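Take a moment to look over the chain before reading on. The paragraphs below go from the whole to the parts.

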Amino acid sequence: MARTDGDRLFLQPYDSRVEGDTTYEMARTDTTLTLSFVGTSEPTTDGVPGAVWHRAFYTVAPFTHD
């Protein structure tokens, strides 16, 4: 589940057994969306902290649309 508020994006885990949420700041140009990690309250999964998962999946490169 995701929701936005101004330039903030809030994500909740897809797995309903996991509690927490993650926040990003969004920056958008005509064809690019860049997310900057703000914080997470998601727990460690398989030995990897939630913050590491979210940085790896959503902030390593911008999203683009042609």
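**A walk through the chain**

The chain holds one helix and five strands. This is a predicted model. Read from the N terminus, the elements come in the order β-β-β-β-α-β. The helix therefore sits between the fourth and the fifth strand, as the run β-β-β-β-α-β shows when strands are numbered from the N terminus.

Start with the overall dimensions. Along the principal axes, the C-alpha atoms fill a box of roughly 35 × 20 × 20 Å. The chain has 66 residues, and 20% of them count as buried. Its accessible surface comes to about 4900 Å². Carbon and sulfur atoms make up 52% of that surface. As for charge, there are 5 positive and 10 negative side chains. The centres of these two sets lie 2 Å apart. Contacts can also be sorted by distance along the sequence. Among contacts with a separation of 6 or more, 24% join residues 24 or more positions apart.

Now turn to the sheet. How are the five strands ordered? They form an open sheet in the order β1-β2-β3-β4-β5, and the pairing is antiparallel. Two of these strands lie at the edges: β1 and β5 (63-64), each of which pairs on one side only. Strands of a sheet pair through backbone hydrogen bonds, either parallel or antiparallel.

Begin at the β1 edge. Strand β1 covers residues 2-5 and strand β2 covers residues 8-11. Four bridges join these antiparallel strands. One bridge pairs T4 with L9 of β2. Another pairs D5 with R8, also in β2. Together β1 and β2 make a hairpin, with two residues between the strands. G6 lies in the turn and has a positive phi of about 65 degrees.

Step across to the next pair. β2 and β3 are antiparallel too, and four bridges connect them. Here F10 has T23 of β3 as its bridge partner. T23 is worth a closer look. This residue belongs to strand β3. Is T23 buried or exposed? T23 is buried, because its relative accessible area is 12% and the cut-off for buried is under 20%. Leaving out residues up to four places away in sequence, T23 touches R8, L9, F10, S36, F37, V38 and G39. Its bridge partner F10 is thus one of the residues in that list.

Between β3 (22-28) and β4 (32-40) comes a loop, and D30 is found there. D30 is exposed, because its relative accessible area of 77% is over 50%. How far is D30 from H54? The two residues are 24 positions apart along the chain, and their C-alpha atoms are separated by 24 Å.

The far edge of the sheet comes next. β4 and β5 pair in the antiparallel sense through two bridges. In one of them, L33 is partnered by F63 of β5. L33 itself is found in strand β4. L33 counts as partly exposed, because its relative accessibility of 27% falls between the limits of 20% and 50%. Which residues does L33 touch? Apart from residues up to four places away in sequence, L33 touches M26, A27, R28, P62 and F63. H65 offers another view of this region. L33 and H65 are 32 residues apart in sequence, yet their C-alpha atoms are 8.6 Å apart in space.

Finally, look at the core. The largest nonpolar core has five residues: L9, L11, Y24, L35 and F37. Two elements, β2 and β4, give two or more residues to this core. In a regular strand the side chains alternate between the two faces of the sheet. L9 is a good residue to follow here. Neighbours within four places in sequence aside, L9 is in contact with A2, R3, T4, T22, T23, Y24, M26 and L35. Among these contacts are Y24 and L35, which are also members of the core. T4, the bridge partner of L9, is on the contact list as well.

Technical notes:
Residues numbered from 1 in each chain as written. Predicted model: local features only at pLDDT ≥ 70, side-chain atom pairs only at ≥ 80, totals over all residues. Heavy atoms only, no water. Buried < 20%, exposed > 50% of the residue type's maximum accessible area, 1.4 Å probe, protein only. Contact = heavy atoms within 4.5 Å. Areas by Shrake-Rupley, 256 points an atom, 1.4 Å probe, with all protein chains shown as cover. Lys, Arg positive; Asp, Glu negative; His and termini not counted. Charge placed at Lys NZ, Arg CZ, Asp CG, Glu CD. Pairing = 2+ DSSP bridges. Core = buried A, V, L, I, M, F, W, Y, C linked by side-chain atoms within 4.5 Å.
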